[in-house]
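Hi,

Here is the structure I promised to pass on. Please have a look at it first, and then read on for what I found.

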Amino acid sequence: MNNKNKSVAFTAPHYAASQVGQKILEQGGTAVEAMVAAAASIAVVYPHMNSMGGDGFWLISEPGKQPIAIDASGTAAKGATLDFYQHHDSIPARGGLAALTMAGAVAGWHKALELSQHWQSPIPLAELLSPAIGQAEWGIEVTQSLQDASEKTFEDLSSLANFEQFLIKGHTLRKGKILKLPKIAQTLSRLAESGLMDFYHGEIAKDLAADLAEAGSPITLSDLNAYVAKQVEPLSVTTSVATLYNLPAPTQGIASLLILALFDKVKHQAKSDADFIHLLIECTKQAFIVRNQYLTDPSRLSRPLETFLTADELSKLLEAISLDTALVWPHEAKLGDTVWMGACDQEGRMVSYIQSVYWEFGSGVVLPKTGIVWNNRGTSFSLKAENINSLVPGLKPFHTLNPAFADCHDGRRMVYGTMGGEGQPQTQAALFSRYMYQQKPLNQSIAEARWLLGRTWGDTSNNLKVEEDMHTDVIGQLIARGHDVAVVAACNELMGHAGAIVLDKNNDLSAASDPRSDGKALATLL
């Protein structure tokens, strides 16, 4: 990078995690080190969205090099068989039976730090985890998002053993109140002392295995011992403005890339905002059709996902897209709650990272010895043997998680992403297209009224939800083209918590966070 102009930036959906990541960057830490510190922090301050008991996916970009991807998602336990669930029509969404896939996030932190230590002298792990330990000990201020999740899940989760950790005197959390998480502080302190892989091979692993067994989970100590996060080859596609990167199977990264690759070929048809949004929605439908038909664990893909990104395959999908008429929907929606964060260090190394427990508070299983809440991602498996995502021990379920990176032809490099399950590819497409094609400022590209095609958790409709601050003429035109539109409140959390960081060829940085979240984007000139 140009030594005359070195900047660092961090964005996260909670301001406290942004501050933690930015402080590491300002003291000369790498983008990976900043992300690990922030990942630990946000597991404390946003416990409804993510946890050490969840999954993670990384895209790491060094200037002038191909990005590196890390898959830190969990596999199904050895004991998680169809026979194990033989008395169930589907995998329960909550409780011990919902905790059937390994937690990969912490192994992902470890894997990323192994890469980072080759860049420069590493910051001690204890220093990276110290802010999160302090937050858990001193207590976190309950945000509106956390209060809403507490109220939404109280009926389902309040009776589960040990879930009182996320209640105050047996009641739902209230905005502004302080929630202390001493068990999580102790666990982070043990990791700081013993190393991150103690989660899988040490005393923490033994505690996790014992508590999971007590909760009725099929996960055992041998499952923890066997788990490793893996470096994988990212998917990519080149459009007229950028080469776009995302994660391969089992994530829906293919859907995110397909939407933008298809839109790049029809964008010239858009003469109005209504055209622009309609075409993005229609591209989304085609991407989701492919995703739902083919996406599964990498070992059982019927064809390589990159083959859908060829010019011939894109042309076939384009035949079903009309400027004037909406394709009849619905389809099976994919749910989930997540956090996405981005970082850029002083050497221009960038990270796009996503961490999740799937549903709010995951399985609801809080492990008493560690304070960790376990994910319920395994509920994405089917108990029907013929299903493309049927439950098989050692395999991975479908993942909505997909962090994004763009290497733009004009020299800009961009990390971007969002939480929101089904909405992740849609929001990625909205913010990227507004920024790159409509040349709107980064903040505006994220803040403007958005849409969501499909169901959200607890909803039975597959309609097109649009925020009420979208122009009424645009909404009217969408309805006229056949979209089943439902108007929802403006600045709505169901649209996700998006964020982005852009570094241009002059080393100027811009960063943005979503007003729908409790987040903050920070950029500092060193």
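Helix 4 and helix 6 are roughly antiparallel to each other, because their axes cross at roughly 170° and anything over 145 degrees counts as roughly antiparallel. Please keep in mind that this is a predicted model. Helix 4 covers residues 125–138 and helix 6 covers residues 182–194, and their axes come within 8 Å. From helix 4, the residues that take part in the contact are L125, A126, L129, A132, I133, A136 and E137. Their counterparts in helix 6 are P182, I184, A185, L188, S189, L191 and A192. Sorted by class, this contact has 12 nonpolar residues, one polar and one charged.

Another helix you may like to look at is helix 13, residues 423–436. Helix 13 has 14 residues and reaches 20 Å from its first C-alpha to its last, close to the 20 Å expected at 1.5 Å a residue. Helix 13 is also mostly covered, with 14 of its 14 residues buried.

Since you work at the bench, you may ask about the cysteines: how many disulfides does the model have? The count comes to zero. C283 is in no disulfide, and the nearest cysteine sulfur, which belongs to C408, is 19 Å away. For C344, also in no disulfide, the nearest cysteine sulfur is that of C408 too, at 13 Å. A disulfide needs the two sulfur atoms within 2.5 Å, so neither C283 nor C344 qualifies. Are these two cysteines buried or exposed? C283 is buried, with a relative accessible area of 0%, and C344 counts as buried at 0% relative accessibility.

Two strand residues are also on my list. A72 lies in strand 3 (residues 68–72) and counts as buried, at 0% relative accessibility. Leaving out neighbours within four places in sequence, A72 is in contact with D55, G56, F57, G104, A105, G108, Y227 and A229. Of these contacts, Y227 is 155 residues away from A72 along the chain, yet their C-alpha atoms are separated by 9.4 Å.

Y245 sits in strand 8 (residues 242–246). At 5% relative accessibility, Y245 counts as buried, because the cut-off for buried is under 20%. Not counting residues up to four places away in sequence, Y245 touches several residues, including L59, Q66, P67, P234, L257, F405 and D407. The C-alpha atoms of Y245 and A76 are separated by 27 Å, with their positions 169 residues apart along the chain.

Best wishes

Terms used:
Residues numbered from 1 in each chain as written. Predicted model: local features only at pLDDT ≥ 70, side-chain atom pairs only at ≥ 80, totals over all residues. Heavy atoms only, no water. Axes fitted to C-alpha atoms, helices over the stretch in contact; angles between N-to-C directions. Helix = DSSP H or I, 4+ residues; strand = E, 2+ residues; numbered from the N terminus. Parallel < 35°, antiparallel > 145°, perpendicular 65-115°, else oblique. Contact = heavy atoms within 4.5 Å. Nonpolar A, V, L, I, M, F, W, Y, C, P; charged D, E, K, R; others polar. Buried < 20%, exposed > 50% of the residue type's maximum accessible area, 1.4 Å probe, protein only. Expected span 1.5 Å × (residues − 1).
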